[in-house]
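Here are my notes for your first look through this one. Keep the 3D view open and pick out each residue as you read.

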Amino acid sequence: IMFNIANYFKEGIKKTLLVRNNGSTSHNGPWKQAYTNTQVERWHAGEFSSAEFTISIDYNNTNKEIVKAIVAVGVDYANLSVVGRSNLGNDLVDLSVTVNQSYVDLLITAKTGYEGAKFIFTANYFQNQNPLTSWHS
């Protein structure tokens, strides 16, 4: 059987991508392991003004977690909000974000007892609509 991508997608309303037949996406590795301030993702501050992330953390059969986070970015400042979290009873990680005038880092830190937990993530990025200029100029 030949794979034909047109069987799965078509143009939707308002120039959206429509996934046919209630199709879904699934995600699998490559995974990383969470320790202290492990880099989840890095991007250049001038590329995107905001991003949303879904991070799936898997420590073992009884300790799993999914975290949804959004990040807004300026030249000298970034703000992270965890907007959703679900787990099997224990928070496994904390998230943080750092920014300098060059790049933004989304970081994950395993909570005590969960060091080495495996994680994967997906991201949606939103490009800057105005050029960034330093707040200090």
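The points below go from the core to the charged pairs, then out to the surface and the backbone.

1. Before anything else, remember that you are looking at a predicted model. Keep that in mind for every distance and percentage below.

2. Start in the middle. Which residues have the most contacts inside the largest nonpolar core? They are Trp43, Ile55, Ile57 and Ile108, in a core of 26 residues. Many strands feed into this core: E4 (38–44), E5 (48–60), E6 (63–73), E7 (78–87), E8 (93–99), E9 (103–110) and E10 each bring at least two residues. The top contributor is E5, which gives five residues. Try colouring those strands one by one.

3. Trp43 deserves a click of its own. Setting aside neighbours within four places in sequence, Trp43 is in contact with Phe48, Ala51, Phe53, Val71, Val73, Tyr103, Val104, Leu106 and Tyr125. If you show these partners as sticks, you can follow the chain as it comes back to Trp43 from several places in the sequence.

4. Phe126 sits in strand E10, which covers residues 117–127. Is Phe126 buried, partly exposed or exposed? Its relative accessibility is 40%, so Phe126 counts as partly exposed. Not counting residues up to four places away in sequence, Phe126 touches Phe48, Ser49, Ser50, Ala51 and Glu52. Phe48 and Ala51 turn up here and also among the contacts of Trp43. For a sense of scale, the C-alpha atoms of Phe126 and Ser96 are separated by 19 Å, and these two residues are 30 apart along the chain.

5. Now for the charges. Side chains of opposite charge can pair when their charged atoms come close. How many salt bridges does the model have? The count comes to five. One of them is between the side chains of Arg42 and Asp105, at 2.7 Å from N to O. This pair ties together distant parts of the chain, with Arg42 in strand E4 and Asp105 in strand E9, 63 residues apart. The two ends have different surroundings: Arg42 has a relative accessible area of 41%, so it is partly exposed, whereas Asp105 has 7% and is therefore buried.

6. Another salt bridge joins Asp58 and Lys64, whose closest N and O atoms are 2.8 Å apart. Where do these two fall between buried and exposed? Asp58 is partly exposed because its relative accessible area is 34%, and Lys64 is partly exposed too, at 30%.

7. The side chains of Arg85 and Glu65 also meet in a salt bridge, 2.5 Å from N to O. Here again distant parts of the chain are linked: Arg85 belongs to strand E7 and Glu65 to strand E6, 20 residues apart. Arg85 is partly exposed at 33% relative accessible area, while Glu65 is buried at 3%. This pair does not stand alone, as salt bridges with shared partners join Glu65, Arg85 and Asp91 into one network.

8. Next, go to the outside. Which residues make the nonpolar surface patch of about 610 Å²? Look for Phe3, Ile5, Tyr8, Phe9, Leu17 and Val19. Leu17 lies in strand E2, residues 17–19. With a relative accessibility of 60%, Leu17 is over the 50% cut-off and so counts as exposed.

9. Finally, check three places in the backbone. Gly29 and Pro30 are joined by a cis peptide bond, with omega about 5°. Pro30 is in the loop between E2 and strand E3 (32–34). Asn21 is in the loop between E2 and E3 as well, and its phi is near 55°, a positive value in a residue other than glycine. Lys14 also has a positive phi, near 55°, but Lys14 is found in the loop between strand E1 (9–11) and E2. Are Asn21 and Lys14 buried or exposed? Asn21 is exposed because its relative accessible area is 73%, and Lys14 counts as exposed at 79%.

Conventions. Residues numbered from 1 in each chain as written. Predicted model: local features only at pLDDT ≥ 70, side-chain atom pairs only at ≥ 80, totals over all residues. Heavy atoms only, no water. Patch = residues over 30% accessible without salt bridge, like charges linked within 9 Å, V, L, I, M, F, W, Y side chains within 5 Å. Areas by Shrake-Rupley, 256 points an atom, 1.4 Å probe, with all protein chains shown as cover. Salt bridge = Lys/Arg side-chain N within 4 Å of Asp/Glu carboxyl O. Helix = DSSP H or I, 4+ residues; strand = E, 2+ residues; numbered from the N terminus. Buried < 20%, exposed > 50% of the residue type's maximum accessible area, 1.4 Å probe, protein only. Contact = heavy atoms within 4.5 Å. Core = buried A, V, L, I, M, F, W, Y, C linked by side-chain atoms within 4.5 Å.
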